[in-house]
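I opened the notebook today to follow a few strands and single residues through one model, and to write down what I looked up in the order in which I looked.

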Amino acid sequence: MKILQTIVLILLYGTLYSQIQTFTFEYITEDDDRLWDAVETEDGYFYLVGHIAKPESDKYKGLVIKISPDGQLIDERIIDIPNRAYDIYGILQDTLGSIILCGKSSDTTPEMYHTNLELRRINYDLETMDSSTYLTAEDKKIGLMGKSFGYNNDLLIVGGLSFETPPYLNAFIYRLNNNLDSLRFHQFSIGSIGHQIKQLNDTTYWCVGWFSGYLYATFDTMFNLIEYAIVPGLLAQAYGLKWDSDSSFFMAGEWDGGPDDDLGMIRQFHPLDTTGHIFNSWGTEGIYDYPAPNGAIDFQNKDSVFVGAISPFQPFLWSDYPSDYVILQTDSLLNIRWEKFYGEGEYYYELMKVLATKDGGCLLAGTRYNYNGGIKERDIFIVKLNSEGLLVGTNENRAIEMHEALVFPNPGSDYLKVRIAAQHKQNAFELYDISGMRVLSQQISGKWGEVNTTFLKTGTYIYKIYNKDGLYESGKWVKQ
């Protein structure tokens with residue numbers, strides 16, 4: 001019987017990956033649904049985690065969703081911890097057939113800070129197999145957490161503990177065995193470790209984080225600092241990292257070296273030695289491109305690296321303007337091949353995780369918020385793309401649109417800016433009034449351009465962006 005089951009699984013796997021599935025998936029409720037993380041299991045199913053809560057409520061409940069390789073809802077679980085707010089920040093594929101959820105629970109009374117680390121192992125049917133709870137501190141809250149497996153399948157957790165008095169953040173490292181038993185906890189006096197930790201050998205752990213500056217750091221088995229190096233390229237916040245060997249990795253983060261905060265990417269060939277690294281940045285002057293906070297970079301093949309961002313990003317909980325999921329692909333030397341934008345209408349899209357899928361495509365996992373809806377509630381929104389960043393064979397009434405050019409601000413006044421995808425080098429921009437008369441024409445070279453509109457009357461205009469290589473975008477622009 002086991003042999004027959006194995007043969008069926010192999011045949012199913014081959015069928016699933018003989019072609020790349022693309023889809024959009026929406027999880028819509030009347031509650032505020034927040035997604036933090038996603039994983040793909042060996043059978044091609046996707047598991048999504050986060051929280052669900054009544055709008056403007058602090059009583060979060062853990063949320064786990066299972067969807068099929070073609071984007072159908074298979075199952076869901078809402079996990080309520082009585083009298084506690086429970087949020088699931090991370091998910092890890094454990095042994096075959098099981099998944100580990102990494103989260104936190106906290107008091108729902110604002111002035112209280114009793115925060116617990118919550119770990120839970122579930123099976124593929126979303127049933128709890130075992131769980132553990134650890135009090136981190138009575139006066140601190142856990143921020144976003146990083147997680148990985150170390151030697152002997154130990155579970156490694158890193159992050160920051162926040163509180164109201166200086167220094168406001170304390171970095172921490174937690175090591176547990178695979179039975180979710182605590183082995184070692186260490187809290188630092190300052191800093192916040194990013195979402196990344198790796199065990200390099202029997203005696204050394206590696207992290208990236210903020211300790212009076214953004215650093216790579218190594219620690220011994222007692223988590224005492226051994227050595228550190230400054231992260232190169234003015235890259236802040238390691239929002240995505242993927243190792244391609246025991247010593248080299250790709251990393252994405254927020255780059256502070258330009259006129260605006262943009263997306264920065266590093267390929268580094270040694271955990272600490274920064275003399276041999278590759279750096280590239282991407283973004284647009286006047287717009288805030290922000291890396292997906294819980295996993296901005298991923299790949300199955302290191303010559304096809306997917307990097308994701310939010311554009312434009314608003315650093316507040318509730319946005320009042322539209323944004324897009326941004327996805328770009330680079331080669332192994334961080335040369336950008338193409339860029340796509342996914343968004344639609346009056347929604348703020350918040351991309352949280354980019355997941356390179358086993359079929360060669362990628363999954364964009366996050367939320368969207370209708371900022372004109374009058375209710376502060378988000379819905380989980382997933383886009384599964386092929387290897388070229390495209391949605392193919394999906395319903396014509398899809399809930400999102402792909403773009404290769406953006407116009408902002410919209411509405412605007414004395415100027416507008418045009419964002420062009422990386423693959424288009426020379427482009428024409430034209431603006432028409434409501435009678436169809438062309439009132440403006442301008443050539444745009446490269447990824448962005450600014451257009452002077454001071455001489456135009458207030459009203460609604462139609463823009464067209466095109467080139468000889470097949471780019472064609474059109475839409476409305478309003479001058480106030």
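I began with a single pair, and found that Ala-365 has Ile-382 of β29 as its bridge partner. The model is a predicted one, and I keep that in mind for each entry below.

**Around β28**

From that pair I went on to the strands themselves, and noted that β28 and β29 (residues 379-385) are joined by seven bridges in the antiparallel sense. I then turned to β27 (residues 347-356), which runs antiparallel to β28 and is joined to it by nine bridges; in this pairing Tyr-349 is matched with Arg-368 of β28. Between β27 and β28 I found five residues, the two strands forming a hairpin, and in the turn I noted Gly-360 with a positive phi of about 100°.

How many residues of strand β28 are buried? I found that eight of the nine residues in 362-370 are buried, so the strand is largely enclosed by the rest of the structure.

**The sheet β6-β7-β8-β9**

I next looked up an open sheet of four strands, whose order is β6-β7-β8-β9 and whose pairing is antiparallel. Its edge strands are β6 (84-93) and β9 (128-137), each of which pairs on one side only. Ignoring direction, I noted that neighbouring strands of this sheet are turned against each other by 20° on average. Within the sheet I followed β7 (residues 98-107) and β8 (residues 115-123), which pair in the antiparallel sense over nine bridges, with Ser-105 facing Asn-116 of β8 as its bridge partner.

**Asp-154**

I located Asp-154 in the loop between β10 (141-149) and β11 (155-162). Is this residue, Asp-154, buried or exposed? I entered it as buried, because its relative accessible area is 8%, which lies under the 20% cut-off. Its side chain makes a polar contact of 3.1 Å with the side chain of Arg-175. Setting aside neighbours within four places in sequence, I listed the contacts of Asp-154, among them Ser-148, Phe-149, Asn-177 and Leu-183.

**Ser-281**

My last entry concerns Ser-281, which I found in strand β21 (residues 277-282). Ser-281 counts as buried at 19% relative accessibility, a value I checked against the cut-off of under 20%. Beyond residues up to four places away in sequence, Ser-281 touches Trp-255, Leu-263, Gly-264 and Met-265. I also looked up Gly-209, which is 72 residues from Ser-281 along the chain, and the separation of their C-alpha atoms is 20 Å.

Notes
Residues numbered from 1 in each chain as written. Predicted model: local features only at pLDDT ≥ 70, side-chain atom pairs only at ≥ 80, totals over all residues. Heavy atoms only, no water. Buried < 20%, exposed > 50% of the residue type's maximum accessible area, 1.4 Å probe, protein only. Pairing = 2+ DSSP bridges. Axes fitted to C-alpha atoms, helices over the stretch in contact; angles between N-to-C directions. Contact = heavy atoms within 4.5 Å. Polar contact = N/O pair within 3.5 Å; in protein donor to acceptor, adjacent residues only side chain to side chain.
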